[in-house]
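Here are a few notes to go with the model you asked about. I hope they help as you look through it.

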Amino acid sequence: MSADRDSRRPIPDQVRRFSATELAQHWVLMVTLTVLALTGLALFAADTWLGRTLIAAEGGIEARGTIHRVAAVALMILTGWHFLYVVFTERGHGQLMAMRLRASDVRGFGRLVAYYLGRIEELPEFGRFTPLQKLQYWGAGIGSLMMIATGLVLWFHTAAMMVVPKWVFDVTTIVHGYEGLILFALLFGWHVYIVHLSPGNFPMQRTFLDGKISVERLRREHAREYRELFEDDVTPGGASGPGGAE
Amino acid sequence: MYSTLASAIVGFDRSLQELPPAPSALRTAVRVALGLLILALVAYIVIEQLGSLRRRRSSRER
């Protein structure tokens, strides 16, 4: 065994990808958006059997409104928490920088589709976040900010009506309702599909529970990050590795 | 205080349903945009599923 081989870091089986704080933020987001979606849908579809069923399940129209607003305040607190996290912590700021949209993401997404269409043989190489993950993050982030802004106008409608014309209130009502549907489709449909139901992930990926990802998955889906973490490593099966690897 | 808040909420929920509806053109535009978005999401899922199925088949045949 050469000295060069001995100096290589062992490659672990799993890598910690998300910290406890990031997992906690994800859990709060998951719970608040679920509650907001269910209570919002109840009002959005109040004239249908679905709306009536949801309103009854939520304890009537009075309770529905209260639950919706409590969840909305929780979402606002989470937004503030996330903002402070990505601006004032080194780790959070690094995550935000890695989430920046680049022209290469558009090309990467095009190559991903080309791969599934059989036009290219190799899965494109991505860094810490894939274009699809960035799309979900910014979609959920911008969507949540829009929901908070329009929701506040609707919540304090009397005050809002004193400063904005009726058409702004119309647009706000529509945007809040349909933006909610878009978020619902994006997060509860597409996000759940990509994370848990897509090929290789079914029936469930455990990263949202423990923040970890297998090194094999990291190598396949985040090849550039894998190289940054393990650059010249070729020794598989070690117990620990760099940068939070476990 | 709770009853004041609750009645304001109930009043708002009712007033929201009693407001004159927004222009139908605006509703239609938003619905079309939402439909296109959902179509794009579904198209991605179909492409990924078919591509994955094709690759699994070809790797079995090798």
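1. First, a term: a residue is buried under 20% relative accessible area, exposed over 50% and partly exposed in between, using a 1.4 Å probe and protein chains only. T207(A) has 11% relative accessibility, so T207(A) counts as buried. T207(A) sits in helix α10 (residues 207-210) of chain A; helices here are DSSP runs of H or I with at least four residues, numbered from the N terminus. Leaving aside neighbours within four places in sequence, T207(A) is in contact (heavy atoms within 4.5 Å) with F18(A), L23(A) and K212(A).

2. A word on the basis: this is a predicted model, where local features need pLDDT of at least 70 and side-chain atom pairs count only at pLDDT 80 or more, while totals for chains, interfaces and linings use all residues. Residues are numbered from 1 along each chain as its sequence is written, chains are lettered from A and ligands numbered from 1 in written order, and side-chain values use heavy atoms, leaving out hydrogens and water.

3. L23(A) is also one of the buried residues of α2(A), among them L33(A), L36(A) and L41(A).

4. Now the largest nonpolar core (buried Ala, Val, Leu, Ile, Met, Phe, Trp, Tyr and Cys joined through side-chain atoms within 4.5 Å): this core has 13 residues, and those with the most contacts inside it include L132(A), W190(A) and Y44(B). Two or more residues each come from α6 (103-116) and α9 (166-197) of chain A and from α2 (24-61) of chain B.

5. Please also look at the peptide bond from F202(A) to P203(A), which is cis, with omega near 5°. P203(A) lies in the loop between α9 and α10 of chain A.
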